[in-house]
Amino acid sequence: MKTTAKRLKTLFYICIAFELLLIVLYESNVLLEGAWSGNAEAEFLVMTLMQLVTVCAIPLALRLMKFSFVRQYITSHGCAGLHKISVLRLLMLFVPMFLNSVFYYEFVKAGFGYLAIILAISLVFIVPSQTRCDSEL
């Protein structure tokens, strides 16, 4: 159980570091921003898609461990099942957050930044720890 908690913490902090690295690269002009800023049609489609993904991913990720089929999977597979489901839950929030950050810099629109901030705030509710792993197992 300790190894599962340590792996999840490591993944959590690596994803946060990766997000911060992306922000630093854009803010220091290593990666150039605004490449897609003139394409209004693409912006509308991407914004609509990312809003839907964000609105659906947050409640699903926060309630994932409450679903009966997830509970059965964790019960039948033990620590390995908990690790897989927990990684899935982390990625359900980190991937849209990363994409929203990229789109924020590429389209130069604040809406993507707000979506990324909302996802970052929701990460507080799924921080992996030993007691969380014990209670979810």
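## How α2 and α4 pack, and what surrounds them

Let's start with one helix pair: α2 passes α4 in a left-handed crossing. Keep in mind that this is a predicted model. The two axes come within 10 Å and cross at roughly 155°. That angle is over 145°, so α2 counts as roughly antiparallel to α4.

Now for the residues that make this contact. On the α2 side you'll find A42, E43, V46, M50, V53, T54, A57, I58, L60 and A61, and they meet R89, M92, L93, P96, L99, N100, F103 and F107 of α4. Sorted by class, the contact of α2 with α4 comes out as 14 nonpolar, 2 polar and 2 charged residues.

Pick out L60 for a moment. This leucine sits in helix α2, and with a relative accessible area of 39% it is partly exposed. Leaving aside residues up to four places away in sequence, L60 touches F67 and M92. If you look across to L93, the C-alpha atoms of L60 and L93 are 9.7 Å apart, although their positions lie 33 residues apart in sequence.

L93 is a good place to turn to the interior. The largest nonpolar core has 23 residues, and L93, F94 and L123 are those with the most contacts inside it. Which elements give two or more residues to this core? They are α1 (2-27), α2 (40-63), α3 (68-77), α4 (79-107) and α5 (110-122). The largest share, 8 residues, comes from α4. Apart from this core lies another one, of 7 residues, with V46, M47, M50 and F112 among them. Two of those names should ring a bell: V46 and M50 are also listed in the contact of α2 with α4.

Back to L93 itself, and what does it touch once residues up to four places away in sequence are not counted? The list is A57, I58, A61, L119, S122, L123 and I126. Of these, A57, I58 and A61 belong to the α2 side of the helix contact described above.

Next, slide back along the chain to the start of α4, where α3 comes in. These two helices pack at an angle of about 140°, with their axes 5 Å apart. Angles over 145° would count as roughly antiparallel, but this one makes α3 oblique to α4. In α3, V70, Y73, I74 and H77 meet C79, A80, G81, L82, K84 and I85 in α4. By class, that contact has 7 nonpolar, 2 polar and 1 charged residues.

R71 is another α3 residue worth a look. At 33% relative accessibility, R71 is partly exposed. Its C-alpha atom is separated by 9.5 Å from that of G81, which is 10 residues apart from R71 along the chain.

Finally, have a look at two loops. In the one between α1 and α2 you'll find N29, with a phi near 65°, a positive value in a residue other than glycine. N29 is exposed, with a relative accessible area of 52%. The loop between α4 and α5 holds V108, whose phi is near 55°, again positive in a residue other than glycine. Is V108 exposed or partly exposed? At a relative accessible area of 47%, V108 is partly exposed.

Note on methods
Residues numbered from 1 in each chain as written. Predicted model: local features only at pLDDT ≥ 70, side-chain atom pairs only at ≥ 80, totals over all residues. Heavy atoms only, no water. Core = buried A, V, L, I, M, F, W, Y, C linked by side-chain atoms within 4.5 Å. Buried < 20%, exposed > 50% of the residue type's maximum accessible area, 1.4 Å probe, protein only. Helix = DSSP H or I, 4+ residues; strand = E, 2+ residues; numbered from the N terminus. Contact = heavy atoms within 4.5 Å. Axes fitted to C-alpha atoms, helices over the stretch in contact; angles between N-to-C directions. Parallel < 35°, antiparallel > 145°, perpendicular 65-115°, else oblique. Left-handed = near helix turned anticlockwise from the far one by under 90°. Nonpolar A, V, L, I, M, F, W, Y, C, P; charged D, E, K, R; others polar.
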